[in-house]
Amino acid sequence: MTATVKWRTWLLYLGVAAVVAYCLAPFYWMLVSSLRRTSDIFDTSLLPAPVSFENYRAVFSPSQGFGRALLNSLIVSGTTTVLALLLATFTAYAMARLEFRFKRLILTLIIATSMFPVVSILVPLLKLFTDIGWINTYQAMIVPSMSFVLPLAVWNLTTFFRQMPDELEQAAMIDGCTRGQAFRKIIIPLAAPGIFTTAIIIFIAAWNEFLIALSMTNRPSIQTAPVAISKFAGASQFDTPFGSQMAAGVLVTIPLVIMVLLFQRRIVAGLTAGAAK
Amino acid sequence: MATRTPPETAADRPPGPASGRAGRPPAPEKARRGRKSATAGTGRMAALLVSPTLLVLTVVVLYPTIMALRESLYGTKGLDPKTGFISDTEPFVGLQNYTDIFGEAGARFWNAFWNTTFFTVVTVGLETVIGVAMALIMHKAFSGRALIRASILIPWAVPTAISGLLWRWIFNSDGIANALIGHQVLWTTEGFHAKVAVIIAEVWKTAPFIGLLVLAGLQVIPREVYEAARMDGASPVRQFWHITLPLVKPALLVAVLFRCLDALRMFDLPYLLVGAQKSSVETLSMLAQNEASNVRFGPAAAYAVVLFVYVLLIVLGFVRLLGADVVGDAGGTGRKKRRWASKGNRVEVPA
């Protein structure tokens, strides 16, 4: 009896190790490769020896313009996040708290829009933005991103608002607050964790966007980081600069990894809020 | 908050229709006037709060979708076959972009269509199996749960574009994948192995995500159910098939639906891992994007519309399969009741 229990525990630990290794190994390989010298980039040892920051220096050499790309990414995903949160907070509050006609239909429609393939809205928007001279602008990336970010935000926030007890608001309204004041003074501060979680999830989604950013730009100075990395040029035409690509990849991913480590509980709660209900 | 600013409200909606729109039929008795105006106010407020989102979505989703339908009926600029002149405007060609799919230009389309379908079926299938296994392990493991949760979120957080480049590096001819299998495979060249490379990379990124969603489903199953099953002498395997799987099915189906929709519009990964215009991995999104970037907007729009209809059909299929709505709509308890009820073929439950 105890032997089988012991066996089970071992098996479980083995499973845990397998899951962790499965998830982390490729990422670890990116990290290790980024710390190798260009001369031993094809090395397959598990640790970089010697550790070299050559690739990171190459990434930030002025000719790559990677600093600018990071800034562009930050501007595009930051603006997208703020705009989406602003609109979604009001809408989600109405969805969670107010009774009105066609509520179900409207919420279904909003969420259904996130199911659209991005490419099907891309073609007309590309044509439109070409006509009005928006190619190579930030708004040409921010506006289409709203199509998938806004439904995500509305859904997440609606779930959060619904979890908050009705009584808080009613008490505030009995005490003489209007619904608007109750919303501003009671709901928003209490919903701050939910809004924050939604912000992280939206930001990551916007930060990871590639197709729109690729199609709406052709000037390197406006490209976001993922697009810029994909266009990194090597020394010769046929030489892919894997080392600097990995280094840049690490740099783009590290902020997200830090967010994941700090807020993993909240992110998991946010991601599963809709699906598990 | 905005209800207290009459000018805006008045400009937005004239008072007459507003009260009609507010939800309830107008109450005939004077005694109910107070309540009526309250609901009218709520309706106005709701309209005010919801309309900015609807407006934005109209501009970025509805309008482009309609324009894509229109665009798909136009051809490309170039030589006009009738007059022999070069035209600046796109000629109207009716359904020709669609009929071309079944004609001469069809080979590339059907290849992309089958690639998309193949990737969706295989990756979602593998992800589901691996994701469920991961969820079971996470559910059982008490120590080290935080570590697993953090590590499981890493593939999700790595941008797909970056993971495409990362796997391109792993699958390089002198890369670690070939070193591990001790065999030279040119993964990123045309051929079936390129498909395998894309599938491995996609499954790595998204299986943990399914694992997370399934784990959330597992955690709401009451412990007593398992205890009862154990008392009745059910083996762990039987417990899995007869308790865990049926109870976790709603959460799993929603996760699978969302993964399917994501896989159907796959673009970044094959584009960066293998490359554009590689027929062994070209998906419908890649095909449409490629046509659009070559200023062939008409065919691009037609391909996008086909993809859109394909996605719509899959969603409708899932909605029928789930018996109720998949979008997790209004009203907590009422909805749940409805969903369970519809399983037992009793759709009518008074709200």
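## Close-up views of a predicted two-chain model

**View 1. Arg296(B) and Glu291(B) pair up in a salt bridge.** The closest N and O atoms of Arg296(B) and Glu291(B) are 3.1 Å apart, a salt bridge being a side-chain nitrogen of Lys or Arg within 4 Å of a carboxyl oxygen of Asp or Glu. Glu291(B) is the buried partner at 5% relative accessibility, while Arg296(B), at 34%, counts as partly exposed. (Buried means under 20% relative accessible area, exposed over 50%, and partly exposed in between, with a 1.4 Å probe and protein chains only.) Elsewhere, salt bridges with shared partners link Glu127(B), Glu202(B), Arg259(B), Asp262(B) and Arg265(B) into one network.

A word on conventions: this is a predicted model, where local features need pLDDT of at least 70 and side-chain atom pairs count only at pLDDT 80 or more, while totals for chains, interfaces and linings use all residues. Residues are numbered from 1 along each chain as its sequence is written, chains are lettered from A and ligands numbered from 1 in the order in which they are written, and side-chain values use heavy atoms, with hydrogens and water left out.

**View 2. Arg259(B) and Asp262(B) sit on one helix of chain B.** Here's one pair from that network: Arg259(B) and Asp262(B) form a salt bridge, with 3.2 Å between the closest N and O atoms. Both belong to helix 11 (residues 236–264) of chain B, three residues apart, or about one turn of the helix. (Helices are DSSP runs of H or I, at least four residues, and strands are runs of E, at least two, numbered from the N terminus.) An α-helix has 3.6 residues a turn, so residues three or four places apart point the same way. Arg259(B) is buried, with a relative accessible area of 3%, whereas Asp262(B) is partly exposed at 34%.

**View 3. A salt bridge joins Arg97(A) to Asp166(A).** The closest N and O atoms of this pair are 3.2 Å apart. Arg97(A) lies in helix 3 (residues 66–97) of chain A and Asp166(A) in helix 7 (residues 166–174) of chain A, so the contact ties together parts 69 residues apart in sequence. Arg97(A) is buried at 12% relative accessibility; Asp166(A), at 39%, is partly exposed. Over all chains, the whole structure has 10 salt bridges.

**View 4. Lys127(A) meets Glu71(B) across the two chains.** Their side chains form a salt bridge at 3.0 Å, N to O, and the count between chain A and chain B is one. Glu71(B) is part of helix 3 (residues 33–71) of chain B and is buried at 6% relative accessibility. Besides Lys127(A), Glu71(B) is in contact with Glu90(B), Phe297(B), Gly298(B) and Ala301(B), leaving aside its neighbours within four places in sequence; contact means heavy atoms within 4.5 Å. Zooming out, 94 residues of chain A are in contact with 98 residues of chain B. The area buried between the two chains is about 8,600 Å², with carbon and sulfur atoms giving 78%. (That area is the accessible area, 1.4 Å probe, that two parts lose on being put together, summed over both.)

**View 5. Helix 9 of chain B bends at Trp204(B).** The bend is about 35 degrees, and Pro208(B) follows within four residues. (It is the angle between axes fitted to the seven residues ending there and the seven starting there.) The 28 residues of this helix (residues 192–219) should span 40 Å, and the end C-alpha atoms are 39 Å apart, which agrees; the expected span is 1.5 Å times one less than the number of residues. Of those 28 residues, 23 are buried, so helix 9 of chain B is largely enclosed by the rest of the structure.

**View 6. Gly194(A) and Gln181(A) share helix 8 of chain A.** Gly194(A) is found in helix 8 (residues 179–207), as is Gln181(A). Gly194(A) is buried at 4% relative accessibility, whereas Gln181(A) is partly exposed at 27%. Not counting residues up to four places away in sequence, Gly194(A) touches Leu157(A) and Phe160(A). With the near neighbours in sequence likewise left out, those within four places, Gln181(A) is in contact with Gly176(A) and Ile186(A).

**View 7. Two annotated stretches of chain A are helical.** An unreviewed UniProt entry places "transmembrane region" features on chain A, including residues 12–31 and 182–207; such annotations may be inferred rather than shown by experiment. Residues 12–31 are 100% helix, with end C-alpha atoms 28 Å apart. Residues 182–207 are also 100% helix, and there the ends are 34 Å apart.
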